[in-house]
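Visitor: Before any term is used for this model, I would like to hear what earns it. Please set each value against its cut-off.

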Amino acid sequence: MPGGHTRTVLTHAPFPLAFASGSGATLIDVDGHSYIDLLGDYTAGLLGHSERRVLDPVMTALKNNVSVGGVHPAEATLSRLMCERFGIDRVRFTNSGTEANLMAIATAMQATGRKKLMSFLGGYHGGVLYFVSGPAPWNSPYDFVIAPYNDAAGTEASIRQYGSDLAAILIEPMQGSAGCLPADAEFIRRTFAAARSVGAVVIADEVMTSRHGRRGMLSLMGSDAELKADITTYGKYIAGGFSFGAFGGRADLLDQYDTSVEGGRVAAGKPVISHAGTFNNNMASMTAGCAVLGQVFTADVAEAHTARGDDFRASVASVLARHSLPVSVTGFGSMMSLHASAQPPRTIMDVAYRDNDLQELLFMGLLKRGVYTAARGMINVGLAHNDEQLAQTFDALDETLTAISAN
Ligand code: PMP
């Protein structure tokens, strides 16, 4: 593997950690060091490393069939669970969040007959849909325009400019990879209204944020229909750590995939969209997803976990307040990020002013004290963390800040 890895985000100086095993919320590296896992695999590891309520049914299912090559009951059950849980009419499965977004884009382009797309500076929707520091040169060659996040007037102007050319807007309710930067509810409301006024499809990327509240983060910004996306994408924790992605939403958009329609054509005379993917309904992910949404991470658990995350973030902020270092925390619910900047950033442009050396010292200081976070500052509280581990984390953060201040 070039660079010794196959997932760029996992690398950091002087070399990435290599892990040998994990149990609950603890990770053991190949040298035998133990860490509290506060990264939770960038939100995919919400359940921790040994959730038997997910692993046992997966093992049982795999004894019966690994690769089916046909439809099977677990995918039907999971689709019902997803539609009920997230309030969507229809859903389809993919292998990853990236793919879910690519398919959501295809769905919107086919429905509208338009090609132009809008995403936001700081957005991340997959390796080939990367806008964290502007559009990456290796992005999929779609016709994207980039709007300013958390700037309602700027976004409205941009939507007006492209008007009836715009097929869809693609937006995260909280920009995760940019540093857990939540959207203002007002910005979301005005952006969605502007998109709808030009006939563009609203695609909400809740790959990370669907863990918040009973129905995902958008639903916590307001319960009215105006705040509902037309298509929502999902991924990460839903298959309990197995590969997963899904896109779902309005029946009229998703029914473009309905092969049961007579003659294989949908209402407007367009062809049914063919959606391929050998592993879309793979046994491990579908079975795991049923256990995660059906038993482990129910709406009640999700609601309580969001509140626990908010409490944890408030405690982090109070540890930071004991020190005079320019460090702040942003986030929502159980997802957050430490920033080496005195003021909590609102947009990726603010993140650009972080003190990179201090950011690295924070990461290394926590690591040295047995707490594994993302090098860029991300922290995700999971279901397996006990109160003692969270208290140890506050101590580790306090000691790290004291040590940095003393030098
Ligand atoms: N959207 C968002 C908001 C994400 O955070 C990610 C992954 N970090 C993706 C999409 C892509 O998901 P995957 O890595 O499963 O392709």
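Guide: A polar contact is a pair of N or O atoms within 3.5 Å. The model is predicted, and in it an oxygen atom of the ligand is 2.5 Å from an N or O atom in the side chain of T98. That distance is within 3.5 Å, so the pair is a polar contact.

Visitor: What makes the approach of Y124 to the ligand a polar contact?

Guide: A backbone N or O atom of Y124 lies 3.4 Å from a nitrogen atom of the ligand. The cut-off is 3.5 Å, so this pair also counts. For D205, an N or O atom of the side chain is 2.6 Å from a nitrogen atom of the ligand, and therefore the same label applies.

Visitor: How much of the ligand does the protein bury?

Guide: The protein buries 84% of the 390 Å² that the ligand exposes when taken alone.

Visitor: Why are S96 and K236 counted as surrounding the ligand?

Guide: A residue is near a molecule if one of its heavy atoms lies within 4 Å of it, so S96 and K236 belong to the shell by that rule. The shell also includes G97, T98, N101, H125, G126, E172, V207 and M208. Helix α3, residues 97-112, gives the most to this shell, with 3 residues.

Visitor: What is the make-up of the shell around the ligand?

Guide: The shell divides into 3 nonpolar, 6 polar and 3 charged residues. Gly counts as polar in this scheme, so G97 and G126 are on the polar side.

Visitor: How do you know where the ligand sits?

Guide: The test is whether more than half of its atoms lie within 2 Å of the grid points; the ligand passes for the largest pocket, and therefore is said to sit there. That pocket holds about 1,200 Å³ of space. Its lining has 41 residues, of which V9, Y42, Y124, S177 and R376 lie nearest its centre. The elements that give two or more residues to this lining are α3 and α9 (348-351), and α3 gives the most, with 3. By class, the lining has 16 nonpolar, 18 polar and 7 charged residues.

Visitor: Why is some other space called a cavity and not a pocket?

Guide: In a cavity a 1.4 Å probe fits but cannot get out, whereas a pocket is an open set, so the two names do not overlap. The count comes to 5 cavities of 30 Å³ or more. The largest cavity has a volume of about 50 Å³, so it passes that cut-off. It is lined by 13 residues, and A25, D37, G45, G48 and H385 lie nearest its centre. This lining divides into 5 nonpolar, 7 polar and 1 charged.

Visitor: Which backbone details stand out in the segment before β1 and in the loop after β8?

Guide: P14, in the segment before β1 (19-23), is joined to A13 by a cis peptide bond with omega of about -5°. C180 lies in the loop between β8 (174-175) and β9 (181-182). The phi of C180 is positive, about 50°, although C180 is not a glycine.

Methods: Residues are numbered from 1 along each chain as its sequence is written. This is a predicted model: local features need pLDDT of at least 70, side-chain atom pairs count only at pLDDT 80 or more; totals for chains, interfaces and linings use all residues. Side-chain values use heavy atoms; hydrogens and water are left out. A polar contact is a pair of N or O atoms within 3.5 Å; within protein, one must be able to donate a hydrogen and the other to accept it, and residues adjacent in sequence count only if both atoms are side-chain atoms. Accessible areas come from the Shrake-Rupley method with a 1.4 Å probe; for residues, only the protein chains shown count as cover. On a 1 Å grid over the protein atoms alone, a cavity is a set of points where a 1.4 Å probe fits but cannot get out, and a pocket is an open set with protein on both sides within 12 Å along at least five of seven lines; lining residues have an atom within 4 Å of a point. Helices (H or I, at least four residues) and strands (E, at least two) are DSSP runs, numbered from the N terminus.
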